Amino acid sequence: LTHYRPDVVVNCAAFTDVDGAEDAEAGAMRVNDKGAALLAAAAGSVGAKVLYPSSDYVFDGSAREPYVESDFPSPLSAYGRSKLAGETSVAVANPRHFIARSAWLFGLAGKNFVETMLRLAREQSEVLVVSDQVGCPTYTRHLGEAIAVLVEGEEFGIHHLAAGGQCSWYEFAQEIFDQAGVECRVMSGTTEMLARKAPRPPYSALGTERPDAIMLPQWR
């Protein structure tokens, strides 16, 4: 950073294994909290802004309407705790910070729910998907474009950058198969049935209270 002296640093490093973090919380904290704080401080030392991507999993899912930036976070999982810790540490380390919370990311690179569903549909005639978790599936290109706009400005603080609307994973899977023209039966399940190690918020849709918020397209 001292060599390149950038205007903005976007931190794209993260420990993202939600279930794995339950057994490796210290490791998740090293990346999502301590590492993020070091980077934010280094950016500040050369006068650069810093953007820290965060997650809807900082909330416990007890709400009945979309969370906005000022809502009190209360993460259920080790991953969520590590992201919330990172938010706090970044804010302390560099006053010129953006915290960009997003949700349920999918895109052209890396493992994600869309790729998983399409792969499973090629291998089997039906899939079991939870219907008791609701959020905002967000396309990574839309998020990237929003981040590029955000960092050009000076609206520091927390921003919710997630797709418009909301759905369950079950509804998301149905829409994926409909748009792809794939024949695959989607069966509704519960979070308890899948017995995942990390607890998930049952409702984590993100809204915004910012008057000049950057709005992303609808999730469909």
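Q: How many salt bridges does the structure hold?
A: This predicted model holds 12 salt bridges.

Q: What makes the pair of aspartate 19 and arginine 200 a salt bridge?
A: The closest N and O atoms of aspartate 19 and arginine 200 are 2.6 Å apart. The cut-off is within 4 Å, so the pair counts as a salt bridge.

Q: Why is this pair said to tie together parts of the chain?
A: Aspartate 19 sits in the loop between β1 and α1, while arginine 200 sits in the segment after α6, so the pair links parts that are 181 residues apart in sequence.

Q: Why is aspartate 19 given its accessibility class, buried or exposed?
A: Its relative accessible area is 18%. Buried means under 20%, so aspartate 19 is buried. Arginine 200, at 13%, is buried by the same cut-off.

Q: What makes arginine 185 and glutamate 126 a salt bridge?
A: Their closest N and O atoms are 3.4 Å apart, and the limit is within 4 Å, so the pair qualifies. Arginine 185 lies in strand β10 and glutamate 126 in strand β5.

Q: Which class, buried, partly exposed or exposed, fits arginine 185 and glutamate 126?
A: Arginine 185 has 52% relative accessibility, and exposed means over 50%, so arginine 185 is exposed. Glutamate 126 has 33%, which falls between under 20% and over 50%, so glutamate 126 is partly exposed.

Q: How do you know what kind of residues form the contact of α3 with α5?
A: Residues including Phe113 and Met117 in α3 meet residues including Trp169 and Phe172 in α5. The contact residues divide into 11 nonpolar, no polar and no charged.

Conventions
Residues are numbered from 1 along each chain as its sequence is written. This is a predicted model: local features need pLDDT of at least 70, side-chain atom pairs count only at pLDDT 80 or more; totals for chains, interfaces and linings use all residues. Side-chain values use heavy atoms; hydrogens and water are left out. Contact means heavy atoms within 4.5 Å. Helices (H or I, at least four residues) and strands (E, at least two) are DSSP runs, numbered from the N terminus. Ala, Val, Leu, Ile, Met, Phe, Trp, Tyr, Cys and Pro count as nonpolar, Asp, Glu, Lys and Arg as charged, and the others, Gly among them, as polar. A salt bridge is a side-chain nitrogen of Lys or Arg within 4 Å of a carboxyl oxygen of Asp or Glu. Buried means under 20% relative accessible area, exposed over 50%, partly exposed in between (1.4 Å probe, protein chains only).
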